[in-house]
Amino acid sequence: GFAYIMTEGDNSFLALVNASGHCAVFDVDANDVTADHADLVEEAKTDAASRQEDYSEAGSEKIGRMFEGAEGITPVEVPTFGSVVYAATFRFEGANYTAFYCRPVGFDQMDVYVVLDETGAIAKADAKQLFFETDYFPVDDTVDQPAYKEAFNGMTADAFPEDAGVISGATMTSNAMRLAITDSFAAFAQLLNGGN
């Protein structure tokens, strides 16, 4: 996403626009004044849209690979600021799911995918590449990667252990997985509450 320092009259504001196009405006006292500055919101969103990389195609394709036969993939605007760059709702085998595509940093920029069921529990978690710099951090051959990812299944925001996903020798990768999952839980909660 993007951050803008904007002015209106003699006043300065910070406008934040995330990768899905959600914008929030703050005054110099850190008060959320989004509702009072529609022109600033529109200006920031328009500029961000012209510069923002589009993650929707990659996100939709990944959902299709993770849940073959997924129906009704519908992108949603995420009302949070963090590592989530794309989110979508979809149906699979009669159940509703929400998918989050996240881009945290774990030795390198990671592509992490977190899918939550309608109760907010992890249905699947995956990463395009789980470990980086394996010459220096040789954990790649010692970790059962499918088992590592499956261990997240069923976890919820209320029952997400502090050591979940931690791997000795891959702390940054582990922290990135944790951040992506935590950001997904937060975005899901706000989507359920209508963006609040």
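Six salt bridges turn up when the whole structure is searched, and keep in mind that this is a predicted model. Three of the residues involved, Lys62, Asp126 and Lys149, are tied together in a network of salt bridges. Aromatic rings pair up too, with a count of 10 aromatic pairs. There is also a patch of negative charge on the surface, and a couple of residues with positive phi, Glu93 and Phe107, get a look further down.

**Salt bridges**

- Let's start inside helix H1, where Arg51 and Asp47 sit four residues apart, so about one helical turn separates them. Their side chains form a salt bridge, with 2.7 Å between the closest N and O atoms.
- How open are the two partners? Arg51 counts as exposed because its relative accessible area is 54%, over the 50% mark. Asp47 has 24% relative accessibility, so it falls in the partly exposed class.
- Asp126 and Lys62 also meet through their side chains, in a salt bridge of 2.7 Å from N to O. This pair bridges distant parts of the chain: Asp126 belongs to strand E8 (residues 122-127) and Lys62 to helix H2 (residues 56-66), with their positions 64 residues apart in the chain.
- Are Asp126 and Lys62 buried or exposed? Both Asp126 and Lys62 are buried. These two are also part of the network that takes in Lys149.
- Lys128 and Asp111 make another salt bridge, and here the closest N and O atoms are 3.9 Å apart. This one again links distant parts of the chain, 17 residues apart: Lys128 is in the loop between E8 and helix H3 (145-150), while Asp111 is in the loop between strand E6 (95-102) and strand E7 (112-117).
- The ends of that bridge have opposite settings. Lys128 is exposed, at 60% relative accessible area, whereas Asp111 is buried, at 9%.

**Negative patch**

- Which residues gather in the patch of negative charge on the surface? They are Glu8, Asp39, Glu42 and Glu43.
- Helix H1 (residues 38-51) is the biggest giver here, putting three residues into the negative patch.
- Glu8 comes from strand E1 (residues 2-8). Its relative accessibility is 31%, so Glu8 is classed as partly exposed. Patch members need over 30% relative accessible area, so Glu8 at 31% clears that cut-off.

**Aromatic pairs**

- Among the 10 aromatic pairs is the one between Tyr148 and Phe152, an edge-to-face arrangement with 5.3 Å from centre to centre and 85 degrees between the planes. Why call it edge-to-face? Because planes over 60 degrees apart get that label, and this pair is at 85 degrees.
- Both rings belong to buried residues. Tyr148 has a relative accessible area of 11%, and Phe152 has 2%; each value is under 20%, so each residue counts as buried.
- Elsewhere, ring pairs join Phe67, Phe90, Phe92 and Tyr97 into a cluster.

**Positive phi**

- As background, most residues other than glycine have a negative phi.
- Glu93 goes the other way, with phi near 50 degrees. You'll find Glu93 in the loop between strand E5 (84-92) and E6, and at 72% relative accessibility it is exposed.
- Phe107 has a positive phi as well, near 70 degrees. Phe107 lies in the loop between E6 and E7, where its 22% relative accessibility makes it partly exposed.

**Sequence versus space**

- How far apart in space are Glu162 and Arg178, C-alpha to C-alpha? The answer is 8.8 Å, for residues that are 16 apart in sequence.
- Glu162 itself is in the loop between H3 and helix H4 (171-192), and it is exposed, with a relative accessible area of 72%.
- For Val112 and Ser50, the separation is 62 residues in sequence and 24 Å in space, again C-alpha to C-alpha.
- Val112 is part of strand E7, and with 0% relative accessibility it counts as buried.

Key: Residues numbered from 1 in each chain as written. Predicted model: local features only at pLDDT ≥ 70, side-chain atom pairs only at ≥ 80, totals over all residues. Heavy atoms only, no water. Patch = residues over 30% accessible without salt bridge, like charges linked within 9 Å, V, L, I, M, F, W, Y side chains within 5 Å. Areas by Shrake-Rupley, 256 points an atom, 1.4 Å probe, with all protein chains shown as cover. Salt bridge = Lys/Arg side-chain N within 4 Å of Asp/Glu carboxyl O. Lys, Arg positive; Asp, Glu negative; His and termini not counted. Charge placed at Lys NZ, Arg CZ, Asp CG, Glu CD. Helix = DSSP H or I, 4+ residues; strand = E, 2+ residues; numbered from the N terminus. Buried < 20%, exposed > 50% of the residue type's maximum accessible area, 1.4 Å probe, protein only. Phe/Tyr/Trp six-rings, centres within 6.5 Å; stacked < 30°, edge-to-face > 60°.
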